[in-house]
Amino acid sequence: MSPDSQDKYDEDACSVIDSLEQIGSQWRLIVLHDLQEGEKRFNELKRSTDASSRTLSRVLDDLQELGFVNRRLEEDAPVATYYSLTPKGRSLCPVFDEIEAWADEWLHATPTGEDPAAVAADGGSTDEEAGDGETSDSERETVSETAE
């Protein structure tokens, strides 16, 4: 790698790492994903995310400080706190959509990491199941034992 391309790589890697440091914790991702549905009260988020009150409070404070989440206090009786995504937080919605599409294609359909298109073209069988057209020694032995 040339020094110039190494610098570019370092810059690209740094922006990815910096982004993941802001949004990459498990609870932050869960809360951001959950708020895509719209504004929610603290207790609604607590139920839907299954986070403890302490964890959820810390995560919401962090996300608010980083500019991903708005906090709105409703002072009517009973007092309620509402959370919603800021424009910065909403800008992650397409990212979540892409991650979900990737997961549907690669994690659920092919847990072994095979190319989903190749598996589909093969009729859903794996390379081992499809075989390569050649009979192995163990297969020959099984066939000859069955024939006897």
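Helices here are DSSP runs of H or I with at least four residues, strands are runs of E with at least two, and both get their numbers from the N terminus. With that in hand, Thr-86 goes in the loop between β3 and α5, the latter spanning 87-90. One more thing before the close-ups: what you're looking at is a predicted model.

**View 1. The whole protein chain, before zooming in.**
DSSP gives the protein chain 9 helices and 3 strands. Walk along from the N terminus and the elements come up as α-α-β-α-α-β-β-α-α-α-α-α. Of the 148 residues in the protein chain, 24% are buried. The accessible surface of the protein chain works out at about 10600 Å², and carbon and sulfur atoms own 50% of that. As for contacts, take those between residues at least 6 apart in sequence: 40% of them link residues at least 24 apart.

**View 2. The sheet, strand by strand.**
The 3 strands make an open sheet, ordered β1-β3-β2 and paired antiparallel. Which strands sit at the edges? They're β1 (40-41) and β2 (69-74), and each of them pairs on one side only. On one flank, β1 is joined to β3 (residues 80-85) by 2 bridges, with the two running antiparallel. On the other, the antiparallel pairing of β2 with β3 covers 6 bridges. β2 and β3 also form a hairpin, with 5 residues between them.

**View 3. Arg-72 and Tyr-82 across the hairpin.**
Look across from Arg-72 and you'll find Tyr-82, its bridge partner in β3. The pair also meets through side chains: Arg-72 lies over the face of Tyr-82, 4.3 Å from the ring centre. Another charge-over-ring arrangement involves Lys-88, whose charged end sits over the ring of Phe-68 at 4.5 Å from the centre. If you're hunting for aromatic pairs, though, the count for the structure is 0.

**View 4. Lys-40, a buried lysine in β1.**
Strand β1 is home to Lys-40, and Tyr-83 in β3 stands opposite Lys-40. Is Lys-40 buried or exposed? It counts as buried because its relative accessibility is 11%, and the cut-off for buried is under 20%. What does its side chain hold on to? The side chain of Glu-37 makes a polar contact with that of Lys-40, at 3.1 Å. Setting aside residues up to four places away in sequence, Lys-40 also touches a string of others: Asp-34, Leu-35, Leu-45, Ser-48, Thr-81, Tyr-82 and Tyr-83.

**View 5. Leu-45, with no relative accessible area to speak of.**
Leu-45 belongs to helix α3. Its relative accessible area is 0%, so Leu-45 is buried. What packs around Leu-45, once you ignore residues up to four places away in sequence? Asp-34, Leu-35, Lys-40, Asp-50, Leu-56, Leu-60 and Tyr-83 all touch Leu-45. Tyr-83 is 38 residues from Leu-45 along the chain, with 8.8 Å between their C-alpha atoms. Lys-40 turns up here again, and Leu-45 is likewise among the residues that Lys-40 touches.

**View 6. Asp-50, in the loop after α3.**
The loop between α3 (42-49) and α4 (53-65) holds Asp-50. Check its backbone: phi is near 65°, a positive value in a residue other than glycine. Asp-50 counts as exposed because its relative accessibility is 66%, and exposed means over 50%. Even so, Asp-50 is one of the residues touching Leu-45.

**View 7. Thr-86, just past the sheet.**
Back to the loop between β3 and α5, where Thr-86 has its place. Thr-86 has a relative accessible area of 8%, so this residue is buried. Which backbone atom does its side chain meet? That's the backbone oxygen of Gly-67, 2.5 Å from a polar atom of the Thr-86 side chain. Not counting neighbours within four places in sequence, the contacts of Thr-86 are Gly-67, Phe-68, Val-69 and Asn-70. Phe-68 is the residue whose ring has the charged end of Lys-88 over it.

**View 8. Asp-97 in α6, and its distance to His-33.**
Asp-97 is found in helix α6, residues 93-108. With a relative accessibility of 45%, Asp-97 counts as partly exposed. How far from His-33 is Asp-97, in sequence and in space? They're 64 residues apart in sequence and 9.8 Å apart in space, going C-alpha to C-alpha.

Notes: Residues numbered from 1 in each chain as written. Predicted model: local features only at pLDDT ≥ 70, side-chain atom pairs only at ≥ 80, totals over all residues. Heavy atoms only, no water. Phe/Tyr/Trp six-rings, centres within 6.5 Å; stacked < 30°, edge-to-face > 60°. Lys NZ or Arg CZ within 6 Å of the ring centre and 35° of its normal. Pairing = 2+ DSSP bridges. Buried < 20%, exposed > 50% of the residue type's maximum accessible area, 1.4 Å probe, protein only. Contact = heavy atoms within 4.5 Å. Areas by Shrake-Rupley, 256 points an atom, 1.4 Å probe, with all protein chains shown as cover. Polar contact = N/O pair within 3.5 Å; in protein donor to acceptor, adjacent residues only side chain to side chain.
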